[in-house]
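Visitor: I should like to take a close look at a single part of this model and to see how that part sits within the whole. Please proceed step by step.

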Amino acid sequence: MADIVYIDRLTGQKQVEKVYKGKAIRLLYGNRWISHLLRPSLLPLLAKWPWFSSLYGALQKRRSSAKKIAPFVKAFDIDTAEFLLPISHFQSFNDFFIRRLKPEARPITPGASVAVMPADGRYYFYQDIDAVDGFIVKGKKFCLGALLGDKNLAKEYEGGGMTIVRLCPSDYHRFHFPCDCIPGQSHLINGWLYSVNPLAIKNNLDIFTQNKRTLCELQTSHFGKVLYLEIGATNVGSIRQTYEPFKEQAKGAEKGYFEFGGSSLILLFAKGAIQFDQDLLEATEAGLEMRCLMGQQMGVATLAAHSPG
C-alpha cells in the first residue's frame, strides 16, 4: 500500500501518515493476491454486520483497554499537554479516544463572517462541486441526492461548496460548529460501516453514500443554510450528539463526538455562500489532503451569502 501523504497546514510541509492497524489495512486494501481474494467476501461482512463494530467498540470501553493508551500516545506522537485531563483519568481506551482538550489548545478564529474547521482532521475542499472533475479521485463523484437521502434538498446545493474531513484514530474526535448558527435535529440515514481509509475511499467513493450517517441543517446569518453530516465507519462505536437542537450555538461550540474508530464529516454550503481559503483549495487541486485543526479559518462568507432574499 502506498504511503498516505498530506500537507500539515501549520508547517506547510508534506507528511507521511502513521496508519493505525496498518498491516490489516494493507491486507484488505493492498494489491497482493490475498487482498484481492479477501476483499469481495470479508469487506461486506465487516461493513454490513453492525455487531462487529459494536463489539469492537465495547471492548474499547473495558477497563483493561486502558493499558493501550500510553503505547498509542507514544506511537502517534500525541501531545498530552493539550489534554484537559491527565492520562491517569482515563479508565478505558474509549475514554481517552473521546478526550476533551484545553480551550487554549484550539483557539477559534474570530469574525462572524469567518467559518472555521469543525474538527481536527485531513481535509479536501471544493469551491464548486459541479465544476470539479472529481472528489478525492479524478473522474469520480458521488451522487449528492444519495448522500443526503433527498433529491430536492440536493438541488439546493448544486454548484455549492463542500469540504470532506477524515478523522484518523489518533485525532481528537470531538466535532464542532463551523460558524454561529441555530442547528436543527440530527437525522439518521442508516447504512453500512465501510472503512473510510483513503485507499478504501479510492476503491469505492460511494462509501460516503452507503455508510451510516447523520444529517443536520444549520441556519446561519452569514452562510445561509449549511448542511452538516457525520459519516460512520468500521469500528466506530457510535456517533454521539451533545448539542441542544434549535438553540443558538456559537462558532466552535461542541456538536458531538465519535466513539472509537476513524470517521468523516462532510459540510455543504449553497452556491455563493463561502469562499474557501486559497491554500486549502490548492492542496486539494494537487490531490493532497490538508491536515487542519479545529478552529483554524476555513473560509469567509461572500456577499451573495447574506444579500436580501
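Guide: Helices here are DSSP runs of H or I with at least four residues, strands are runs of E with at least two, and both are numbered from the N terminus. In those terms, alanine 81 is placed in the loop between helix 4 and helix 5, the latter spanning 93–97. The model is predicted, and the description below should be read accordingly.

Alanine 81 has a relative accessible area of 49% and is therefore partly exposed, since that class ends at 50%. Its C-alpha atom is separated by 8.7 Å from that of lysine 102, a residue 21 positions away along the chain.

The loop between helix 3 (50–59) and helix 4 (69–75) holds serine 65. Serine 65 has a relative accessibility of 5% and so counts as buried. Its side chain reaches the backbone nitrogen of phenylalanine 93 at 2.9 Å. Leaving aside residues up to four places away in sequence, serine 65 touches Leu59, Gln60, Ser92 and Phe93.

For the whole protein, the count is 10 helices and 16 strands. Of the 309 residues, 53% are buried. Among contacts between residues at least 6 apart in sequence, 73% join residues at least 24 apart. The exposed area is about 14300 Å², of which carbon and sulfur atoms supply 55%.

The part chosen for the close look is strand 13, which comprises residues 263–269. What is the burial state of the residues in strand 13? In this strand, 7 of the 7 residues are buried, so strand 13 is largely enclosed by the rest of the structure. Both of its faces are covered. On one side lie the buried residues Ser263, Leu265, Leu267 and Phe269, and on the other the buried residues Ser264, Ile266 and Leu268.

Which strands pair with strand 13? Strand 5 (residues 161–167) runs antiparallel to strand 13 and is joined to it by 7 bridges. Strand 10 (residues 225–231) is likewise antiparallel to strand 13, with 5 bridges between the two. Leucine 268 of strand 13 appears in both pairings: it is the bridge partner of methionine 162, and it stands opposite leucine 227.

Serine 263 also lies in strand 13. Its relative accessible area is 0%, and it is therefore buried. For this position, Ser263, an unreviewed UniProt entry lists "modified residue: Pyruvic acid (Ser)"; the annotation comes from that record.

An open sheet elsewhere in the protein offers a further view of strand pairing. It has 3 strands in the order 3-16-14, paired antiparallel. Strand 3 (114–116) and strand 14 (274–276) stand at its edges with a single partner strand each, so one side of each is left without a neighbour in the sheet. From one strand to the next, the twist averages 30 degrees. Strand 14 is joined by 3 bridges to strand 16 (residues 297–301), and the two run antiparallel. Within this sheet, isoleucine 274 stands opposite alanine 301 of strand 16.

To return to the chosen part, strand 13 has both faces covered, and it is bridged to strand 5 and to strand 10.

Methods:
Residues numbered from 1 in each chain as written. Predicted model: local features only at pLDDT ≥ 70, side-chain atom pairs only at ≥ 80, totals over all residues. Heavy atoms only, no water. Pairing = 2+ DSSP bridges. Axes fitted to C-alpha atoms, helices over the stretch in contact; angles between N-to-C directions. Buried < 20%, exposed > 50% of the residue type's maximum accessible area, 1.4 Å probe, protein only. Polar contact = N/O pair within 3.5 Å; in protein donor to acceptor, adjacent residues only side chain to side chain. Contact = heavy atoms within 4.5 Å. UniProt positions renumbered as here; feature names shortened; annotations may be inferred. Areas by Shrake-Rupley, 256 points an atom, 1.4 Å probe, with all protein chains shown as cover.
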